[in-house]
Amino acid sequence: MNIYVGNIAWSVTDDQLEELFAQFGTVTSAKIIVDKFSKRSRGFGFVEMADGGEEAIAALNDKDFEGRPLVVNESRSKDS
């Protein structure tokens, strides 16, 4: 399951994001999207989970993480 994670604090790393979601199941990848010029976080990312995705979404949506309430939902493809 591919999960969109928004409103991420600028200081959060890929590893921290992976750790957060690993509590709920097997994380296959966790990536914070960065600006290609400034290399700064764009404040959102994607987590891919082999299992536990629904539980992670239910538990983490609107949860405070590093001072900001996360927006967590199932990622929708660009063409839908």
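Colleague: Which exposed residues does the face of H1 turned away from its buried side carry?
Modeller: This is a predicted model, in which local features need pLDDT of at least 70, side-chain atom pairs count only at pLDDT 80 or more, and totals for chains, interfaces and linings use all residues. Residue numbers start from 1 along each chain as its sequence is written, and side-chain values use heavy atoms, with hydrogens and water left out. Helices (H or I, at least four residues) and strands (E, at least two) are DSSP runs numbered from the N terminus; buried means under 20% relative accessible area, exposed over 50% and partly exposed in between, with a 1.4 Å probe and protein chains only. On the face of H1 turned away from its buried side, the exposed residues are Asp 15 and Glu 19.

Colleague: How many degrees of arc around the axis do the buried residues of H1 cover?
Modeller: Helix H1 spans residues 14–22, and its buried residues are Leu 17, Leu 20 and Phe 21. They lie on the same side of H1 because their arc around the axis is only 90°. The arc is taken from the directions that run from the helix axis to the C-beta atoms. The value for H1 is 90°.

Colleague: Which elements do the buried residues of H1 pack against?
Modeller: Contact here means heavy atoms within 4.5 Å. Phe 21 touches, among others, Ile 3, Val 27, Val 47, Ala 56 and Val 72, not counting residues up to four places away in sequence. The buried residues of H1 pack against E1, E2, E3, helix H2 (53–60), strand E4 (64–65) and strand E6 (71–74).

Colleague: Which residues touch the most other members of the largest nonpolar core?
Modeller: A nonpolar core is a set of buried Ala, Val, Leu, Ile, Met, Phe, Trp, Tyr and Cys residues joined through side-chain atoms within 4.5 Å. The largest one has 19 residues, and those touching the most other members are Val 5, Leu 17, Phe 21, Val 47 and Val 72. Two or more residues of this core come from each of E1, H1, E2, E3 and H2. The residues asked for are thus Val 5, Leu 17, Phe 21, Val 47 and Val 72.

Colleague: Which residue in E3 is the bridge partner of Ile 3?
Modeller: Two strands pair if DSSP finds at least two bridges between them. E1 (residues 2–6) and E3 (residues 41–49) meet this with five bridges, in the antiparallel sense. The bridge partner of Ile 3 in E3 is Val 47.

Colleague: Which residue in the turn of the E2 and E3 hairpin has a positive phi?
Modeller: E2 (residues 27–34) runs antiparallel to E3 and is joined to it by six bridges, with Ile 32 bridged to Gly 45. Six residues separate the two strands of the hairpin. The positive phi in the turn is about 65°, in a residue that is not a glycine. At 61% relative accessibility, the exposed residue in question is Lys 39.

Colleague: At what angle are the ring planes of Tyr 4 and Phe 46?
Modeller: Rings of Phe, Tyr and Trp (its six-membered ring) pair if their centres lie within 6.5 Å; planes under 30 degrees apart count as stacked, over 60 as edge-to-face and the rest as tilted. The search of the whole structure finds three such pairs. Tyr 4 and Phe 46 have ring centres 5.9 Å apart and form an edge-to-face pair, because their planes are at 65°.

Colleague: Which residues form the aromatic cluster?
Modeller: Tyr 4 is partly exposed, with a relative accessible area of 26%. Phe 46 is also partly exposed, with a relative accessible area of 26%. Contacts of Tyr 4 include Phe 44, Gly 45 and Phe 46. The cluster consists of Tyr 4, Phe 44 and Phe 46.

Colleague: The ring of which residue has the charged end of Arg 40 over it?
Modeller: A charge sits over a ring if NZ of Lys or CZ of Arg is within 6 Å of the ring centre and within 35 degrees of the ring normal. The charged end of Arg 40 is 4.7 Å from the ring centre. Arg 68 lies over the face of that ring at 5.6 Å from its centre. The ring belongs to Trp 10.

Colleague: Which residues are exposed on the other side of H2?
Modeller: Gly 53, Ala 56, Ile 57 and Leu 60 are buried in H2. Their arc of only 100° around the axis puts them on the same side of H2. Elements covering them include E1, H1, E3 and E6. On the other side of H2, the exposed residues are Glu 54 and Ala 58.
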